[in-house]
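Me: I have a model to go through with you. I want the reason behind each label.
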Amino acid sequence: MPGTEEEQPNRTDEGADSGPPRADCVHCGEPTEYPADRPGALLCPHCEWLEAQRSACSG
Ligand SMILES: [Zn+2]
(Lines give C-alpha, C1' and ligand atoms only; values in the text may rest on other atoms or scores of the structure.)
Protein backbone atom coordinates (compact mmCIF):
# COMPACT_ATOMS: atom_id res chain seq x y z
CA MET A 1 0.00 0.00 0.00
CA PRO A 2 2.01 2.98 -1.20
CA GLY A 3 1.50 6.57 -0.29
CA THR A 4 0.75 6.07 3.37
CA GLU A 5 2.76 7.64 6.10
CA GLU A 6 4.55 4.96 7.99
CA GLU A 7 6.07 5.12 11.42
CA GLN A 8 9.70 5.93 11.32
CA PRO A 9 11.82 2.92 12.24
CA ASN A 10 14.27 5.12 14.06
CA ARG A 11 12.09 6.97 16.45
CA THR A 12 13.92 9.76 18.17
CA ASP A 13 12.99 10.57 21.68
CA GLU A 14 12.13 14.20 21.93
CA GLY A 15 12.59 14.24 25.66
CA ALA A 16 15.47 16.10 27.19
CA ASP A 17 16.73 12.99 28.91
CA SER A 18 19.43 11.19 27.02
CA GLY A 19 19.89 7.48 27.45
CA PRO A 20 18.23 4.17 26.71
CA PRO A 21 14.50 4.18 26.05
CA ARG A 22 12.34 3.24 28.97
CA ALA A 23 9.36 0.95 28.89
CA ASP A 24 5.99 2.47 29.51
CA CYS A 25 3.92 1.56 32.53
CA VAL A 26 1.15 -0.85 31.54
CA HIS A 27 -1.23 0.92 33.90
CA CYS A 28 -0.78 4.63 33.41
CA GLY A 29 1.67 4.90 30.52
CA GLU A 30 4.29 6.73 32.50
CA PRO A 31 7.90 5.77 31.82
CA THR A 32 9.23 3.10 34.11
CA GLU A 33 12.71 2.61 35.49
CA TYR A 34 13.17 -0.40 33.23
CA PRO A 35 14.58 -0.54 29.71
CA ALA A 36 12.14 -0.90 26.87
CA ASP A 37 13.52 -4.29 25.91
CA ARG A 38 12.78 -5.76 29.30
CA PRO A 39 10.14 -8.49 28.94
CA GLY A 40 6.98 -8.71 30.94
CA ALA A 41 4.47 -6.19 32.18
CA LEU A 42 6.26 -3.24 33.69
CA LEU A 43 4.95 -0.71 36.13
CA CYS A 44 6.17 2.72 37.00
CA PRO A 45 7.35 3.26 40.59
CA HIS A 46 4.00 4.72 41.53
CA CYS A 47 1.96 1.80 40.17
CA GLU A 48 4.46 -0.66 41.60
CA TRP A 49 3.83 0.88 44.98
CA LEU A 50 0.08 0.58 44.48
CA GLU A 51 0.42 -3.06 43.49
CA ALA A 52 2.54 -3.68 46.56
CA GLN A 53 -0.12 -2.13 48.75
CA ARG A 54 -2.78 -4.25 47.09
CA SER A 55 -0.97 -7.52 47.59
CA ALA A 56 -0.02 -6.52 51.10
CA CYS A 57 -3.61 -5.86 52.01
CA SER A 58 -5.07 -8.92 50.31
CA GLY A 59 -6.55 -11.44 52.63
ZN1 LIG B 1 2.08 3.55 36.29
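Me: Which element of the chain has the lowest mean pLDDT, and which the highest?

Reply: H1 has the lowest mean, 91, and S1 the highest, 95. pLDDT is the predictor's confidence in each residue, from 0 to 100. The whole chain averages 83, and 75% of the residues score at least 70. This is a predicted model: local features need pLDDT of at least 70, side-chain atom pairs count only at pLDDT 80 or more, and totals for chains, interfaces and linings use all residues. Residues are numbered from 1 along each chain as its sequence is written.

Me: What makes up the chain, in helices and strands?

Reply: There are 1 helix and 2 strands. They run β-β-α from the N terminus on. Helices (H or I, at least four residues) and strands (E, at least two) are DSSP runs, numbered from the N terminus.

Me: Why does the span of helix H1 agree with its number of residues?

Reply: The expected span is 1.5 Å times one less than the number of residues. H1 has 13 residues (45-57), so 18 Å is expected, and its end C-alpha atoms are 18 Å apart.

Me: What makes H1 hardly covered?

Reply: A buried residue has 20 or more other C-beta atoms within 10 Å of its own, with C-beta atoms placed from the backbone (exposed: 12 or fewer; partly exposed: in between). In H1 the count of buried residues is 0. Of the chain's 59 residues, 5% count as buried.

Me: How do you know that S1 and S2 pair?

Reply: Pairing needs at least two DSSP bridges between two strands. S1 (residues 22-24) and S2 (residues 31-35) have 2 bridges, in the antiparallel sense. Arg 22 has Pro 35 in S2 as its bridge partner.
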